[in-house]
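Trainee: Could you take me through one part of this structure in close detail? I'd like to see how a single residue fits into its surroundings.

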Amino acid sequence: MDLYKSTAHELHEKLVKKEISSVELTNNVYDRIAEVEKDVKAYVTLDKENALAQAAKVDKMIAAGEAIAPLAGIPGAIKDNISTKGLRTTCSSKMLENLNPIYDAHVIKKLRADETIFLGKTNLDEFAMGSTTETSYFGTTHNPWNLDLVPGGSSGGSAATIAAGEAIWSLGSDTGGSIRQPASFTGCVGIKPTYGRVSRYGCVAFASSLDQIGPITRDVTDAATVLNTICGVDPHDSTSLPVDVPDFTKALKQDVKGLKIGLPKEYFGAGLDPKVDAVLKKAIADYEAMGAEIVEVSLPHTEYAVITYYIIAPAEASANLARFDGVRYGYRNMKATSAPEMTTASRTEGFGSEVKRRIMLGTYVLSSGYYDAYYLKAMQVRTLIRKDFEEAFKQCDLLLTPTSPVVAYPIDGKMDPLAIYMLDVCTIPVNLAGLPGISVPAGFADGLPVGMQLIGKLLDEETILRAAYTFEQAHDYHKVMAPLGGK
Amino acid sequence: MKVTTKDVEYIAQLSRLTIPESEMEKFTEQFNQILNYADILNELDTKGIEPTAHVLPLSNVLREDIAVEGVSQEVALSNAPAVHDGGFKVPRVIE
């Protein structure tokens, strides 16, 4: 049986009806991993023994007639920058190659309470800094749609597990698009919740004012299901919001009548691949036919968002990554004869080049004499970008844009850093403004998935989930399996 | 050029990093490329605009002062590269 292709909500039904067992399901997914992982390379670490023990525990609960949570006994994959007690958490860096966390992230604690199953930890760009997974110390993950292409990043491993049938659901993290862009490149659903919806406790900090954990799944229902578990206030994260968490699955109505969808004209301009544009134009027409009202809006500071982000995120990263000094955990150069020499040597040998570039860029923009010109300026422009969204939302209920201006591109490491940064143009502004954003499969261009991004008002995940669900149910794009071609 | 190889060397020192001689030129070039691009921000007049450090309206988050169990010494040291007498061991700090 090909259980590994199913969604979490379908499998939950089967478990409850005792048509399948969790052990059978978990073994089925591990068999799939054994079959395709050599080509996809989505995982950094697998944890089969514990996963099967947990599956057996859930099977006993079901046999005893206990009620189980929607994710109980359903195997998922966790991005390797999310702390899992007792299970190696590397951030795909040599720096943390052997780190055995002493505590669980808040989201992991919540998922464990629901008796879910963790298959293993997935590959990412080192410390989540990148858009391709190519900067991982453990090697690149390959796109299940064409193994010669990148899966996107930084949550490329989590997205690839879903597309390749190597997990039923997964968690990623999103600082500038790291959930939505890989979801787009691999034909998955990925949602970045409102900043503060999900506790960041235990998500290794990259840029603390931007980072947010969220699910990557096969369909919108599963995304809402995972959100239900991971959202909520946490005293360990002072930026987690003390607000009620709705049942997100209740928002999944197949109806967009009367919804006003805004199209920010700046997102449909130069640089957008015409084939991606054509797919989105069709999606917009579909929404209109389903009863939504389409309005054109403007976000005039969009062109400044990428560089604003590439000042603010490295600045925060340079402070966050100062903790890696070789003293308490992580890689240490054992030959150094003085403490300062040890710190410099450990960092130089433990970090890859993209991480070093961002730490240094951040150090520079925060340094005396440059702070006002770069960092303060960028924080002011961030205000302008936020206000653009506030204005736009006076005219519409949600925004529709491409998730990325392009489809997945070749793994060759030939692009220079700035060219790759520029491709984050559609996702970055959403993080700067703290808004929720979802990427849903919108169709195909030359056989590769194209993602559509829906952006909501602060704390209004429900409207974008509803619109995403309505579109998804009217199409079959999310049901097409990745062919694992190429090479 | 915004920064020279000498500036990059200094920034590396502040960051507790070393950039090898062989990569210095390319690194400096990429650094300048990014900083030159940042010039577009100067097109915007931001006088008097409040900076956004954070999007949430939260400031101090307080809780009751109740003691809870912390991390034990043994667990805290469990990932340390070198340990001595229950502490983190490092090479000599002061010559």
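**A close look at A:Glu461**

Mentor: Happy to, and please keep in mind that this is a predicted model. Setting aside neighbours within four places in sequence, A:Glu461 is in contact with A:Pro193, A:Thr194, A:Leu227, A:Phe248, A:Pro436 and A:Gly456. The residue belongs to helix H15 of chain A, which covers residues 461-473. Is A:Glu461 buried or exposed? It counts as buried, because 28 C-beta neighbours lie inside 10 Å, and the cut-off for that class is 20 or more. A:Leu398 is 63 residues away from A:Glu461 in sequence, yet the two C-alpha atoms are 10.0 Å apart in space.

A:Leu398 also leads us to A:Leu454. Not counting residues up to four places away in sequence, A:Leu454 touches A:Leu398, A:Leu400, A:Gly437, A:Ile438, A:Ile464, A:Ala467 and A:Ala468. Both A:Leu454 and A:Ala468 are among the residues that touch the most other members of the largest nonpolar core, alongside A:Val107, A:Val220, A:Ile311 and A:Leu465. That core has 161 residues, and helix H9 of chain A (residues 305-320) supplies its largest share, 10 residues. As a general point, nonpolar side chains in soluble globular proteins tend to be buried together.

Helix H9 also brings in chain B. The buried residues of H2(B) are B:Thr28, B:Phe31 and B:Ile34, and their cover includes H9, helix H11 (353-366) and helix H13 (417-422) of chain A, together with H1 of chain B. In an α-helix there are 3.6 residues a turn, so residues three or four places apart point the same way. The length of H2(B) checks out too: its 17 residues should span 24 Å at 1.5 Å a residue, and the end C-alpha atoms are 25 Å apart, which agrees.

For the wider contact between the chains, 38 residues of chain B are in contact with 53 residues of chain A. On the chain B side, the elements giving two or more residues are helix H1 (5-14) and helix H2 (21-37). H2(B) gives the most, with 4 residues. By class, that side of chain B has 25 nonpolar, 9 polar and 4 charged residues.

For another helix to view, try H2(A), residues 22-40, which has a kink of about 40 degrees centred on A:Ala34. Its buried residues, including A:Tyr30, A:Ile33 and A:Val36, pack against helices H1, H3 and H5 and strands E2 and E3 of chain A. After H2(A) comes A:Lys41, with a positive phi near 55 degrees.

Terms used
Residues numbered from 1 in each chain as written. Chains lettered and ligands numbered in written order. Predicted model: local features only at pLDDT ≥ 70, side-chain atom pairs only at ≥ 80, totals over all residues. Buried ≥ 20, exposed ≤ 12 C-beta atoms within 10 Å, placed from the backbone. Contact = placed C-beta atoms within 7 Å. Core = buried A, V, L, I, M, F, W, Y, C linked by C-beta atoms within 7 Å. Nonpolar A, V, L, I, M, F, W, Y, C, P; charged D, E, K, R; others polar. Expected span 1.5 Å × (residues − 1). Bend = angle between axes of the 7 residues up to and from the residue.
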